[in-house]
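User: I'd like to go through this one label by label and hear the reasoning behind each. Can you walk me through it?

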Amino acid sequence: MAAVLRCMECGTEYPLDEMRYRCDCGGLLDVAHDLPSLGISRELFDGRTGARGPEPWRRSGVWRFRELVLPVDGDLIVSRPEGDTPLYRNPVISRWVGLEGFALKHEGENPTGSFKDRGMTVGVTWARALGVRAVACASTGNTAASMAAYAALAGLTAVVFVPAGKVALGKLAQALAYGALTLEVEGDFDAAMALVQESCRELGIYLLNSLNPFRIEGQKTIVYEIVQDLGWDPPDWIVFPAGNLGNTAAFGKALWELRELGLIPRMPRLAAVQAAGANPLYRSFVRGFSPLEPVRAETVATAIRIGNPVSFPRAVRALRWTGGVVVEVTDQEIMDAKAVVDAAGIGCEPASAAAVAGARKLVSGGVIGRDERVVAVLTGNLLKDPEATIAYHTGDLPGIVPRFANYPRRVVPSLEAVAEVLEEVGRWS
Ligand SMILES: Cc1ncc(COP(=O)(O)O)c(C=O)c1O
Ligand SMILES: [Zn+2]
């Protein structure tokens, strides 16, 4: 059996190349692979690490797992190449979180600076296979940046819908620079998401939000890489920020497939971290997964400023499969964690730091044991949101105490002035 689209609610199947994002019943769709027929093994994937060759996709950490991602001809693949991101261990961050076995999977080191490239290489490749001319997405910024780049590479028209005034500077700059038609919607992300769905339906544009099941297939490879990096001995926990819940959905599907294939002996538990001001999944979780009640979202972490997450049902399924948990963190906790990750020389954007803040909270609350092995996913690059970073360090972020501030000191051009500042800060010799 070839791969098909399958409704997660009623099981109805549709051909893979039917251009649809939902079942007739309204349910979300999965790309369902015929796992036993794929003939894959740990050795197959291990044999492809460090691969080279004239085609960029051969170096990609997404297409390394291509049998589990998308059956497509290599000539169609649009790749930068993405993935193959580092797993960092850092003693200062580990101590702060309270775990010895703590590692950071840095997805901000993808070509456009976020994990979105993993889903986008697949989504744009599939758009090419379908023969579409234009693609669109609603975005808090990173999806827009990524889609704009990949669409440009593929020669497709890109239309991005972003919430006006609520997109970090680096992301907006990327969308414009890569040539996307950029629509600043007068409303929040959730309004932009509703508008892009209507626009795609009525205007015949291909939708590349994570509602699109092909995006999810690419994002699964974050988990495949983590597990491969650890010699196929999975961690106890994978902790990550959760907004529109595409990653939550993708990580659950990835683990379920690895387990089905016998490539891992057990499932790690997922820990989804939400900002306290944008926490519909957390609210549902604490009520035993009650139905989604959208919230009006507000947080300094604009990437996860989402109140009505599209992949909610898939995320609940993922958390049930893995014995997962959801935790919320305040903006103060997010910015503290960011300052610690940044000052270690690694760096990330605010939403990513939520994962580290969440891990710390789960350790101090006893949910994660101090001897457990934990991987947190840093979803975006430090350079994405320079405004939040500088405002933090200069004490200009409303409501946030800059506990780890490193503000710039202005000096007159004289040696005495330099010596005076060095004396004052007292950490130069
Ligand atoms: C940096 C960053 N982290 C986390 C998220 C949330 O991911 P998801 O929508 O898959 O929950 C996003 C989404 O835009 C993001 O850009
Ligand atoms: Zn259905």
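**Labels and the values behind them**

Analyst: Sure. Let's begin with Asp84, which sits in the loop between H1 and E4. Keep in mind that this is a predicted model.

User: Why is Asp84 called partly exposed?

Analyst: Asp84 has 18 other C-beta atoms within 10 Å. Buried takes 20 or more and exposed takes 12 or fewer, so with 18 Asp84 is partly exposed.

User: What makes the phi of Asp84 worth a remark?

Analyst: The phi of Asp84 is positive, about 55 degrees, although Asp84 is not a glycine. Most residues other than glycine have a negative phi. Trp232 is another such case, with a positive phi of about 65 degrees. You'll find Trp232 in the loop between H8 and strand E10 (237-241).

User: And Trp232, is that buried, exposed or in between?

Analyst: In between: the count for Trp232 is 14 other C-beta atoms within 10 Å, so the label is partly exposed.

User: What is the peptide bond from Arg80 to Pro81 called, and how do you know?

Analyst: That bond is cis, with omega near 5 degrees. Most peptide bonds are trans. Pro81 lies in the loop between helix H1 (42-46) and strand E4 (87-88).

User: On to the helices. Why are H4 and H5 called roughly parallel?

Analyst: Helix H4 (residues 142-154) and helix H5 (residues 169-177) pack at about 25 degrees, with axes 8 Å apart. Angles under 35 degrees count as roughly parallel, and about 25 degrees falls there, so the label fits H4 and H5. Their crossing is left-handed.

User: Which residues make that contact between H4 and H5?

Analyst: H4 brings Asn142, Ala144, Ala145 and Ala148, while H5 brings Lys171, Gln174 and Ala175. By class, the contact of H4 with H5 splits into four nonpolar, two polar and one charged.

User: What makes H8 oblique to H9?

Analyst: The axes of helix H8 (residues 221-229) and H9 come within 8 Å and cross at roughly 50 degrees. Under 35 would be roughly parallel, and roughly perpendicular runs from 65 to 115. Roughly 50 degrees is in neither range, so H8 is oblique to H9. The partners are Val223, Tyr224 and Val227 in H8, and Phe251, Ala254, Leu255 and Leu258 in H9.

User: How does the contact of H8 with H9 divide by class?

Analyst: Seven nonpolar, no polar and no charged.

User: Why does H9 with H11 get the label oblique?

Analyst: Here the axes come within 8 Å and cross at roughly 40 degrees. Roughly parallel needs an angle under 35, so at roughly 40 degrees H9 is oblique to H11. H9 passes H11 in a left-handed crossing. From H9 the contact uses Thr248, Ala249, Phe251, Gly252, Lys253, Leu255 and Trp256, and from H11 it uses Arg314, Ala315, Arg317, Ala318, Leu319, Trp321 and Thr322. The classes for H9 with H11 are eight nonpolar, three polar and three charged residues.

User: How do you know that H11 is largely enclosed by the rest of the structure?

Analyst: Eight of the eleven residues of helix H11 (residues 312-322) are buried, so that description follows. Those buried residues are Phe312, Arg314, Ala315, Val316, Arg317, Ala318, Leu319 and Thr322. They pack against H9, strand E11 (269-275), helix H10 (280-286) and strand E12 (325-329). After H11 comes Gly323, with a positive phi near 60 degrees.

User: Which helix gives the most to the shell around ligand 1?

Analyst: H9, with three residues. H4, helix H9 (246-260) and helix H13 (350-364) each supply at least two. The shell has 20 residues, the closest being Gly243, Asn244, Gly246, Thr379 and Gly380. By class, the shell holds six nonpolar, 13 polar and one charged.

User: Last one: why is Arg22 called partly exposed?

Analyst: Arg22 has 15 other C-beta atoms within 10 Å. That is over 12 and under 20, so Arg22 is partly exposed. Arg22 lies in the loop between strand E2 (13-15) and strand E3 (29-32). Leaving aside residues up to four places away in sequence, Arg22 touches Gly27, Leu28 and Leu29.

Definitions and conventions:
Residues are numbered from 1 along each chain as its sequence is written. Chains are lettered from A and ligands numbered from 1 in the order in which they are written. This is a predicted model: local features need pLDDT of at least 70, side-chain atom pairs count only at pLDDT 80 or more; totals for chains, interfaces and linings use all residues. Axes are lines fitted to C-alpha atoms, for helices over the stretch in contact, and angles run from 0 to 180 degrees between N-to-C directions. Helices (H or I, at least four residues) and strands (E, at least two) are DSSP runs, numbered from the N terminus. Angles under 35 degrees count as roughly parallel, over 145 as roughly antiparallel, 65 to 115 as roughly perpendicular and the rest as oblique. A crossing is left-handed if the near helix is turned anticlockwise from the far one by less than a right angle, and right-handed if clockwise. Two residues are in contact if their C-beta atoms, placed from the backbone, lie within 7 Å. Ala, Val, Leu, Ile, Met, Phe, Trp, Tyr, Cys and Pro count as nonpolar, Asp, Glu, Lys and Arg as charged, and the others, Gly among them, as polar. A residue is near a molecule or strand if its C-beta atom, placed from the backbone, lies within 6 Å of it.
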